[in-house]
Every structure is written in structure tokens, then in C-alpha cells.
Amino acid sequence: MGALLISGTGGADAVGPGPGLVAGANGGSQSNRCDTSSAIGPVTVAATPTEISNETDCVNYAESGVAEQKNRCRTHSVIGPITVALAPGSEVNNRTNCVNVSKSGRVSKQTNDCETTSVVGPITIGPGEVNNETNCANVAGSDPENGKQRKSADGAKNGKSGGQGGRQKP
């Protein structure tokens with residue numbers, strides 16, 4: 001039978017440079033708002049070994065010149081995710097990822113606000129492996145003028161939680 005997915009979810013992706021990416025300048029900002037939501041789901045039924053991934057990804061990447069990077073990522077469902085009758089060797093990954101990268105520094109602010117929530121669930125029946133993650137990362141170059149970093153992750157009901165970031169040290 002393979003795998004059957006029933007839900008209103010999918011990937012909500014936002015990747016790309018924001019405005020003001022001028023070499024050597026403290027330019028504009030990069031901002032992502034990514035939402036994946038469903039009333040019930042995702043619902044996964046797998047009768048044979050299989051691998052399924054449901055991801056919400058927000059990525060800001062700047063070589064240089066960006067002043068501010070912000071991500072707001074939400075993965076919500078009222079009931080679920082529900083994974084039923086997984087065969088041994090199956091793997092299901094549900095992830096919400098927020099990443100800010102300023103390669104050369106001089107970023108004044110990096111902010112992540114990530115939530116993976118469900119009212120009921122996750123519900124898993126069977127011997128397979130199910131991973132539910134909420135990941136937030138802020139990465140800045142070694143420039144001593146780097147400003148504040150803040151990351152907040154809420155893994156209520158499912159997921160990993162990030163901590164509060166501090167001031168970037170040289």
C-alpha cells in the first residue's frame with residue numbers, strides 16, 4: 001500500500017535575499033513569515049517502510065550589508081500530526097526550521113520566532129520512528145559591531161525548544 005497522507009498542510013518555504021544587500025553597506029532587512037496550518041493533520045498511514053517529511057522552512061542569508069534579519073514560522077494543527085500503522089523501518093519527520101545567517105557580520109538584529117503546536121497530538125501508532133522538531137538558529141560573522149540576537153522556539157505539544165540568544169561577542 002505504501003504511504004497515504006491526508007491533510008491541508010504542506011511546506012511553507014521562504015528563502016532568498018531581502019532588500020538592501022549592498023556590499024560594504026549596512027543595508028535593509030530580510031523578513032520571512034511562514035505559516036503551515038491544518039485542522040486535522042498531517043495524517044500519515046504507512047504500510048511499508050517509507051520516509052515522509054513535512055517541513056516549514058524560513059531562511060534568511062546575507063553575504064554582507066544586511067541590518068536586520070527576522071523569521072516568524074508557525075506550524076499549527078488542531079489534531080495531529082497523526083501517524084498510523086507504521087511498518088518497522090519507516091520514518092516520519094515533522095519540522096519547523098528558522099535560520100538567520102549573516103556571513104560577514106555587521107548585522108544589527110537577528111530574530112526568530114518559531115512555534116510548532118497542536119491541541120491534540122502528535123498521535124503515533126506503530127513501531128516506526130517519528131520526529132517532531134522546532135529549530136531556531138542565528139549565525140553571525142565575527143564582526144565586533146554585530147548587534148542583538150534573539151531566538152524563541154515554542155515546541156508546545158511537539159518539538160524541541162530553542163533558548164534565548166545573547167549579545168553577539170567578538
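A disulfide is a pair of cysteine sulfur atoms within 2.5 Å. The exercises below apply this and other terms to a predicted model, in which local features need pLDDT of at least 70 and side-chain atom pairs count only at pLDDT 80 or more, while totals for chains, interfaces and linings use all residues. Residues are numbered from 1 along each chain as its sequence is written, and side-chain values use heavy atoms, with hydrogens and water left out.

**Exercise 1. The fold in outline**

Task: Find how many helices and strands the chain has, and state what share of its residues count as buried.

Solution: Begin with the terms, since helices (H or I, at least four residues) and strands (E, at least two) are DSSP runs, numbered from the N terminus. Counted in this way, the chain has twelve strands and zero helices, and its pattern along the sequence reads β-β-β-β-β-β-β-β-β-β-β-β. Next comes burial, where buried means under 20% relative accessible area, exposed means over 50%, and partly exposed lies in between (1.4 Å probe, protein chains only). By this rule, 42% of the 170 residues of the chain count as buried. Finally, take contacts, meaning heavy atoms within 4.5 Å: among those between residues at least 6 apart in sequence, 80% join residues at least 24 apart.

**Exercise 2. The disulfides**

Task: Locate each of the three disulfides and describe the pattern that they follow along the chain.

Solution: The step for the pair Cys34 and Cys58 is to read the distance between the sulfur atoms, which is 2.2 Å. This pair links distant parts of the chain, with Cys34 in strand E3 (residues 29-40) and Cys58 in strand E5 (residues 51-62), 24 residues apart. Cys34 counts as buried because its relative accessibility is 3%, and Cys58 counts as buried because its value is 0%.

Continue with Cys73 and Cys98, which are joined with an S to S distance of 2.2 Å. Because Cys73 lies in strand E6 (residues 68-79) and Cys98 in strand E8 (residues 91-102), this disulfide ties together parts that are 25 residues apart in sequence. Both Cys73 and Cys98 are buried.

Then take Cys114 and Cys136, whose sulfur atoms are 2.3 Å apart in their disulfide. Cys114 belongs to strand E9 (residues 109-120) and Cys136 to strand E11 (residues 129-140), so parts that are 22 residues apart in sequence are tied together. Cys114 and Cys136 are both buried. When the bonded cysteines are counted along the chain, the pattern is 1-2, 3-4, 5-6.

**Exercise 3. A threonine and its surroundings**

Task: Decide whether Thr96 is buried or exposed, and list the residues that it is in contact with beyond its neighbours within four places in sequence.

Solution: Place Thr96 in strand E8, and then note that Thr96 counts as buried because its relative accessibility is 0%. Beyond its neighbours within four places in sequence, Thr96 is in contact with Thr56, Cys73, Thr75, Glu115, Thr116, Glu133, Thr134 and Asn135. With Thr75 there is also a polar contact of 2.6 Å between the side chains; such a contact is a pair of N or O atoms within 3.5 Å, where within protein one must be able to donate a hydrogen and the other to accept it, and residues adjacent in sequence count only if both atoms are side-chain atoms.

**Exercise 4. Salt bridges**

Task: State how many salt bridges the whole structure has, and work out which residues are joined into one network.

Solution: A salt bridge is a side-chain nitrogen of Lys or Arg within 4 Å of a carboxyl oxygen of Asp or Glu. The whole structure has seven salt bridges, among them one between Asp35 and Arg33, with the closest N and O atoms 3.6 Å apart. Within this pair, Asp35 is partly exposed because its relative accessible area is 42%, whereas Arg33 is exposed because its value is 57%. Another salt bridge joins Lys70 to Glu68, with the closest N and O atoms 3.5 Å apart.

Now turn to Glu133 and Arg95, whose side chains meet in a salt bridge of 3.6 Å, N to O. This pair links distant parts of the chain, Glu133 in strand E11 and Arg95 in strand E8, 38 residues apart. Salt bridges that share partners join Glu55, Arg95 and Glu133 into one network.
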